[in-house]
Amino acid sequence: YRLYTPEGPQVSVEATHWSRLDEMAKCLAVAPANAAVRLFWADAVVSIEGDDLGTWMRFVGRKAPSEQQMSKFLWPNILAAWRGEPSSRTAQEAVDSWDGDSNQEEKPTPGVNVWKCELESEEWWEKPDPSLPSRASEWPRRPTSQSMARILQ
C-alpha cells in the first residue's frame with residue numbers, strides 16, 4: 001500500500017480504509033504510551049516515538065485513543081509531509097502556540113514524524129508494463145529500503 005499518489009495523500013480521515021490508514025491507526029491506538037511505533041507504507045514511514053504525542057493528547061483532553069482519533073492526529077502530519085513542510089513539532093511548541101481554537105488540527109501533531117520518499121522518474125507504480133516479465137512488474141523497492149535505512153540510523 002502507498003500513502004501518497006502523484007496528486008496527493010491516498011488516505012483521508014473520511015475514508016481511513018484507503019491504504020490501510022485505519023489499520024495503522026489501530027496499531028498506534030493499542031501501543032503502550034512509551035512505545036516507539038513505525039508505520040511503513042511502500043512510499044513513506046510514520047514514526048511515533050517519545051512522550052510528545054501522549055503529552056499533547058492529555059493537553060487537548062483526548063485520553064482514550066481510538067482508531068478514528070489516531071487517524072485525526074496523523075492526518076495533519078501526512079499533509080505536511082506531502083507539501084514538503086516539517087511534519088512534526090514538539091509538544092512544548094504546540095502548547096506554546098495553543099490559542100484554544102480548532103485550527104490546531106491543521107498544524108502537525110506533536111510526536112508524529114512522517115517521512116515521504118521522493119520517487120525517481122523511472123519508478124512507476126500504477127500500471128505494469130506488459131512488455132516486462134511478470135517479476136519486473138512489482139512495485140519499486142528503493143523507497144521502502146530508504147525508509148527502513150532512515151529508521152535504523
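Helices (H or I, at least four residues) and strands (E, at least two) are DSSP runs, numbered here from the N terminus. The model is predicted, so to speak plainly about its limits: local features need pLDDT of at least 70, side-chain atom pairs count only at pLDDT 80 or more, and totals for chains, interfaces and linings use all residues. Residues are numbered from 1 along each chain as its sequence is written, and side-chain values use heavy atoms, with hydrogens and water left out.The protein's secondary structure amounts to five helices and five strands, arranged from the N terminus as β-β-α-β-β-α-α-α-β-α. Of its 153 residues, 38% are buried, where buried means under 20% relative accessible area, exposed over 50% and partly exposed in between (1.4 Å probe, protein chains only). About 9000 Å² of the protein is exposed, and carbon and sulfur atoms supply 52% of that area; accessible areas come from the Shrake-Rupley method with a 1.4 Å probe, and for residues only the protein chains shown count as cover. Contact is taken as heavy atoms within 4.5 Å. Among contacts between residues at least 6 apart in sequence, 61% join residues at least 24 apart.

A good place to begin the tour is the hairpin that strand 3 and strand 4 form, with three residues between them. The two strands, residues 37–40 and residues 44–48, run antiparallel and are joined by four bridges; strands count as paired if DSSP finds at least two bridges between them. Within this pairing, Arg38 stands opposite Ser47 of strand 4. Val37 and Leu39 make up the covered face of strand 3, while Arg38 and Phe40 make up the uncovered one. In a regular strand the side chains alternate between the two faces of the sheet.

The hairpin leads on to the nonpolar core, defined as a set of buried Ala, Val, Leu, Ile, Met, Phe, Trp, Tyr and Cys residues joined through side-chain atoms within 4.5 Å. The largest such core holds 25 residues, of which Leu3, Leu39, Val46, Ile48, Leu74, Ile78 and Val114 touch the most other members. Two or more residues each come from helix 1 (21–30), strand 3, strand 4, helix 2 (52–59), helix 3 (67–83) and strand 5 (112–116). Beyond its neighbours within four places in sequence, Ile48 is in contact with Leu28, Ala35, Ala36, Val37, Arg38, Leu39, Leu53, Leu74, Gly111 and Val112.

Helix 1 has Leu21, Asp22, Met24, Ala25, Leu28 and Ala29 as its buried residues. Seen down the helix axis, these buried residues fall within an arc of 160 degrees, so they line one face of helix 1; the arc is that of the directions from the helix axis to the C-beta atoms. They pack against strand 3, strand 4, helix 2 and helix 3.

Three further residues are worth a visit. Lys116 lies in strand 5 and is buried, with a relative accessible area of 17%. Leaving aside neighbours within four places in sequence, the contacts of Lys116 are Tyr4, Asp43, Ala44, Ala81 and Trp82. Glu7, by contrast, sits in the loop between strand 1 (4–5) and strand 2 (8–9) and counts as exposed at 68% relative accessibility. The C-alpha atoms of Glu7 and Trp82 are 9.6 Å apart, with their positions 75 residues apart along the chain. Ser145 belongs to helix 5 (residues 142–152) and, at 44% relative accessibility, is partly exposed. A separation of 9.1 Å is found between the C-alpha atoms of Ser145 and Ala42, which are 103 residues apart along the chain.
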